[in-house]
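Open the model in your viewer and keep the sequence panel beside it. The stops below go one selection at a time.

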Amino acid sequence: MTFFSFPDMIGTRKKDFPSRIGGASIGTRKLVGQTQRDVRINNLHAVLTLFRENDALSIRDITERTGLSKTAVSKILSQLMDQGLIESLGKDDSVSSRGKRPDLFCFSSPNRYVISCVLTSTLISAQLYGPSLKELYGQTRHIKKEALLSYQDAVSLLAHLILHLIDFTHLSYGDIIGIAISTVGVVSPDTGTIVSPLVNHHWGNHLPLAQNLAQLLPFSCDIIIDNIIRFSTYRILDQDAGKRQKNLVILYCDNSVGGTYVRNGHIVHGKHGYVGEFGHITTDYTFKEPCSCGKYGCFESIVASEKIQARISREIDNWPESILNRCKDKSAVPIHYLFQAADEGDTFSRLTVDLIAKQFAVMVYNFQILYDPDEILIYAYQVKSMGYFRRAFYEKLTPFLGDEHLEISLHPVGCGMAYLNDACAGAAAYCFNQYFAGRGLQKIEPMHNYS
């Protein structure tokens, strides 16, 4: 995966702030994610991540890789062994008999599972995961756009896939600790509701998905739903424990726009689930094309892939010398072709990419003002060649940041299924981490009047 950063130009230096405000020391304030309980949970997550990446570990292995004390690691292992998740493998035979051979530990045989689902306009899927986060079995149903499934039919299909998965793998209902559903749009995990769905605009708003699904299942189970991008963020945090100690902003942009704000390992949703709906932040008040929300100048209305393709289609005839005219379908020029043409010096392509880069620079400035993050991660477009875009982005970012230091990385978005797989694995990681931390998931009761 391509990694783009400016370590020499954009560092991690923070502003100097007074140590006291209003007579109270800042150090006495407990910020989100910094309580002793939060620290213990983050430590637990770090240990779980190591076991997902290694077949066997000793206490010393864990202390060296996490920086935790031997006492802290021993307590975490004791907790996980009491829960039946970790088991002892005995002494390490690879160590010389002259020295004291350490005890080795590993994941026990999976006896708890999570079903991680995806619900979008083009597919509905259900995958089975064990604590190691390896997909054990899955089923996917691709849906043609013209099919226009009703909401009731979509929920019924999802329930069917879940039940088939359990039956095929010969699991009992009690083996399932939770069901996680990744979807698109504005989501309220606390209530299990899709507040504003982008799955299908004909479905309406405020859809109690978790409750509706619960009624169609013959067993009681914790069900949680969230935005695909948020669940993908859990995967990022699960793979890099160090990011749990930071304030992060993650921006995703391809056919749609979204993101997450992470504060000390906790994803911030907001009262109604709107945190992360970055696509509707205004980045250009002069832009004349309306956004789907009805406003003008929204970030998404300028940078989303389909919006870029529409502008190219309208303007390409004015640029007969452009490389983009070689495309067979000039109404849908692939984004990777646009970025490649910009790298090759095509004038029209560079002007188009310049406009995109400016919006990203303005958005980063907004993030700095709104969140004052330690790090910003940007995942943009399914492309391989981003040379000109990188340069244009940094050039347009410099006037906004001045001499401020900020850690930024730019990654291309993985292919569609790879990104969905990350969301599924992230959702499973969230469920397991919550379960083994003793927090549990959101309890959802079925709606008995649902049909």
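**Stop one: a lysine and its partners**

Select Asp-240: this residue is partly exposed, with a relative accessible area of 33%. Now add Lys-243 and Glu-375. Lys-243 sits in the loop between α6 (228-239) and β13 (247-253), while Glu-375 belongs to strand β16 (residues 375-380), so this pair ties together parts 132 residues apart in sequence. The model is predicted. Lys-243 and Glu-375 form a salt bridge, with the closest N and O atoms 3.0 Å apart. Both residues are buried; for Lys-243 the relative accessible area is 11%. Lys-243 also forms a salt bridge with Asp-240, at 3.8 Å between the closest N and O atoms. Add Lys-246 and Glu-407 to see the network of salt bridges that links them with Asp-240, Lys-243 and Glu-375.

**Stop two: helix α2**

Select Arg-60 and Glu-64. Their salt bridge has its closest N and O atoms 3.0 Å apart. The two are four residues apart in helix α2 (residues 59-66), about one helical turn. Both are exposed. Across the model, the count is nine salt bridges.

**Stop three: cysteines**

How many disulfides does a search of the whole structure find? Zero. Show Cys-221 and Cys-431. The closest cysteine sulfur to that of Cys-221 is in Cys-431, 8.5 Å away, too far for a bond. Cys-221 is buried, at 11% relative accessible area. Cys-291 is buried too, at 7%.

**Last stop: the whole chain**

Zoom out and colour by secondary structure. There are 12 helices and 17 strands. Of the 451 residues, 51% are buried. The accessible surface is about 21700 Å², with 50% belonging to carbon and sulfur atoms.

Terms used: Residues numbered from 1 in each chain as written. Predicted model: local features only at pLDDT ≥ 70, side-chain atom pairs only at ≥ 80, totals over all residues. Heavy atoms only, no water. Disulfide = S-S within 2.5 Å. Buried < 20%, exposed > 50% of the residue type's maximum accessible area, 1.4 Å probe, protein only. Areas by Shrake-Rupley, 256 points an atom, 1.4 Å probe, with all protein chains shown as cover. Salt bridge = Lys/Arg side-chain N within 4 Å of Asp/Glu carboxyl O.
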